[in-house]
Amino acid sequence: ADGLLTNQAPIEVTGTLAGTAPVDVAVIGVVAIVTGDTWTASIPLVEGANSLTAAATNAFGSASDAISVTLDATPPVVTITTPAEGAQTAAGSVVVEGTVVDASAITALLVNGLPVSVVGGSFTTTVSLAVGANPIAAVATDAAGNTGSDSVDVTRGIPPTIAIATPGQGFATTQAEALVIHTRSARTRFA
């Protein structure tokens with residue numbers, strides 16, 4: 001169809017013809033296979049816009065038809081700008097921001113499998129974090145069907161807690177030294 005956007009090359013071009021046989025058909029110089037009143041040709045494309053002209057000729061004259069096909073075989077470039085790779089946090093969620101650049105329109109962006117809007121080539125969303133390692137992946141699909149992605153790993157840890165068990169609050173002693181017993185838990189140290 002005229003105006004087709006594809007990520008496949010070569011492309012099969014087909015059509016119909018009429019006229020007194022034999023009729024020869026060529027598409028941008030590539031000889032087509034003619035079967036009755038139909039023809040087909042496998043046409044190489046270059047990245048970007050391609051004008052495909054089919055020409056039919058017989059002993060009585062010639063005719064032509066043209067369409068435009070755009071090849072976009074380049075995937076979108078997805079960049080997660082925040083958070084940084086290897087980021088550490090104690091928070092239960094993190095704001096994920098980034099950019100998507102492509103020659104074709106972006107038809108879908110998924111961050112950890114959930115749809116996110118792209119506005120002016122940028123995106124932002126919030127991702128929930130479990131305790132431990134959390135991979136965050138952004139995958140974009142363009143109108144030609146190409147996909148591009150970026151990912152970062154974020155670690156959620158638990159800050160340490162500490163409590164003094166003995167001596168109790170308000171303890172008074174005549175001793176110069178006191179034995180302090182405490183409990184603590186620490187899994188990940190955060191600055």
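This report describes the strand pairing, the nonpolar cores and the largest pocket of a predicted model.

One part of the architecture is an open sheet of 5 strands, arranged in the order S1-S8-S7-S3-S4 with mixed pairing. Strand S1 (4-6) and strand S4 (30-31) occupy the edges of this sheet, and because each has a single partner strand, one side of each is left without a neighbour in the sheet. At one of these edges, S3 and S4 are joined in the antiparallel sense over 2 bridges, and Ala 26 has Val 31, in S4, as its bridge partner.

Further along the chain, strand S15 pairs with strand S12 and is also joined to strand S16. The table sets these pairings beside that of S3 and S4.

| Strand pair | Sense | Bridges | Residues standing opposite |
|---|---|---|---|
| S3 and S4 | antiparallel | 2 bridges | Ala 26 and Val 31 |
| S12 (106-111) and S15 (132-142) | antiparallel | 5 bridges | Leu 110 and Val 139 |
| S15 and S16 (147-156) | antiparallel | 10 bridges | Ala 140 and Gly 148 |

S15 and S16 form a hairpin with 4 residues between the strands, in which Gly 145 takes a positive phi near 95°.

The largest nonpolar core comprises 16 residues, and those with the most contacts inside it are Ile 80, Val 96, Leu 109, Val 111, Phe 123, Ile 136 and Ala 138. Two or more residues of this core are given by each of strand S9 (77-82), strand S11 (93-101), S12, strand S14 (122-128), S15 and S16. Val 111 illustrates how these residues meet: leaving aside residues up to four places away in sequence, Val 111 touches Val 96, Val 116, Phe 123, Thr 125, Val 127, Ile 136, Ala 137 and Ala 138. Apart from this core lies another, of 15 residues, which includes Val 25, Ala 41, Ile 43 and Val 69. As a general tendency, nonpolar side chains of soluble globular proteins are buried together.

The largest pocket has a volume of about 470 Å³ and is lined by 29 residues, of which Gly 15, Thr 16, Trp 39, Ala 54 and Asp 65 lie nearest its centre. Strand S2 (11-16), strand S3 (24-27), strand S7 (48-58) and strand S8 (61-71) each contribute at least two residues to the lining of this pocket, and the largest share, 8 residues, comes from S8. Sorted by class, the lining consists of 18 nonpolar, 9 polar and 2 charged residues. S3, S7 and S8 thus appear in the lining of the pocket as well as in the order of the open sheet.

Technical notes:
Residues numbered from 1 in each chain as written. Predicted model: local features only at pLDDT ≥ 70, side-chain atom pairs only at ≥ 80, totals over all residues. Heavy atoms only, no water. 1 Å grid on protein atoms, 1.4 Å probe; cavity = no way out; pocket = protein on both sides within 12 Å on 5 of 7 lines; lining within 4 Å. Points joined across faces, edges and corners; volume = space filled by probe spheres on them. Nonpolar A, V, L, I, M, F, W, Y, C, P; charged D, E, K, R; others polar. Pairing = 2+ DSSP bridges. Core = buried A, V, L, I, M, F, W, Y, C linked by side-chain atoms within 4.5 Å. Buried < 20%, exposed > 50% of the residue type's maximum accessible area, 1.4 Å probe, protein only. Contact = heavy atoms within 4.5 Å.
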